[in-house]
Amino acid sequence: MIWGWIVGVAILLFGLIVFRGAPYVPSQKRYVRQAFDELYPLGIRDVLVDVGSGDGIVLRLAAERGAQAIGYELNPLLVIISRWLSRYDDCISVRLVDFWLTPLPETTTVVYAFTATPYIKKMINKMQNEANRLQRPLRYISYGNVLTGLEADATLGAYYLYTFYPLQAT
Ligand SMILES: C[S@@+](CC[C@H](N)C(=O)[O-])C[C@H]1O[C@@H](n2cnc3c(N)ncnc32)[C@H](O)[C@@H]1O
């Protein structure tokens with residue numbers, strides 16, 4: 001009986017996410033490493049935010065390169081798991097938040113997103129608003145999605161790198 005409840009709650013948590021963003025599918029380590037080496041060489045000066053951080057694999061690989069890594073994740077089970085998996089790493093933090101409703105940290109240099117096509121337009125708006133708010137360029141690494149209407153700085157396999165520049169208020 002108790003297991004039935006646990007499984008039911010888990011299905012609900014993973015299932016309901018689709019109304020707010022992409023469901024949980026982890027990025028592949030090999031490709032993330034390649035992206036952090038060749039597409040956007042990530043280093044100690046970086047503060048990376050993974051918007052929808054899942055089990056935290058991207059955060060751990062970013063921290064391996066000396067970056068500060070911050071995860072925004074809506075599924076509490078994934079927050080618990082990713083916090084546990086990164087418990088010895090001071091460079092990693094995971095917040096239980098909805099990234100649509102949560103501003104990026106002031107120190108953000110690069111955003112990583114593995115999202116779903118229906119959310120691309122909303123993501124472009126969010127990133128542009130954040131660049132405007134912070135008044136400096138923000139890099140954006142997209143896994144699997146082209147940002148329609150924007151030109152990528154570089155591509156590598158299924159990865160696309162973009163820069164959002166702040167727009168002047170008129
Ligand atoms: C495709 S997975 C990517 C996981 C991780 N970034 C990776 O690449 O391995 C998308 C993640 O975003 C989370 N998510 C979806 N909508 C969200 C939202 N509005 N706020 C925070 N997290 C969200 C999901 O729970 C899921 O873990």
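Tutor: Before we start, a definition: two residues are in contact if their C-beta atoms, placed from the backbone, lie within 7 Å. Keep in mind too that this is a predicted model.

Student: Which residues in helix 3 meet Lys29, Val32, Arg33 and Phe36 in helix 2?

Tutor: Let's look at where the two helices touch. The residues of this contact divide into six nonpolar, no polar and two charged. On the helix 3 side, the partners of those four residues are Ile57, Val58, Leu61 and Ala62.

Student: Is helix 2 oblique or parallel to helix 3?

Tutor: Helix 2 (residues 29-39) and helix 3 (residues 57-64) pack with their axes 10 Å apart, at an angle of about 40 degrees. An angle under 35 degrees would count as roughly parallel, and 65 to 115 as roughly perpendicular. That angle therefore makes helix 2, relative to helix 3, oblique.

Student: Is strand 2 enclosed or exposed?

Tutor: Good one to check face by face. On one side Gln68, Ile70 and Tyr72 are buried, and on the other so are Ala69, Gly71 and Glu73. Six of the six residues of strand 2 (residues 68-73) are buried, so the strand is largely enclosed.

Student: What is the bridge partner of Val49 in strand 2?

Tutor: Strand 1 (residues 47-51) and strand 2 run parallel, joined by five bridges. Val49 has as its bridge partner in strand 2 Ile70.

Student: Which are the edge strands of the open sheet?

Tutor: The sheet has seven strands in the order 3-2-1-4-5-7-6, with mixed pairing. An edge strand here pairs on one side only, and this gives strand 3 (92-96) and strand 6 (154-156).

Key. Residues numbered from 1 in each chain as written. Predicted model: local features only at pLDDT ≥ 70, side-chain atom pairs only at ≥ 80, totals over all residues. Axes fitted to C-alpha atoms, helices over the stretch in contact; angles between N-to-C directions. Helix = DSSP H or I, 4+ residues; strand = E, 2+ residues; numbered from the N terminus. Parallel < 35°, antiparallel > 145°, perpendicular 65-115°, else oblique. Nonpolar A, V, L, I, M, F, W, Y, C, P; charged D, E, K, R; others polar. Buried ≥ 20, exposed ≤ 12 C-beta atoms within 10 Å, placed from the backbone. Pairing = 2+ DSSP bridges.
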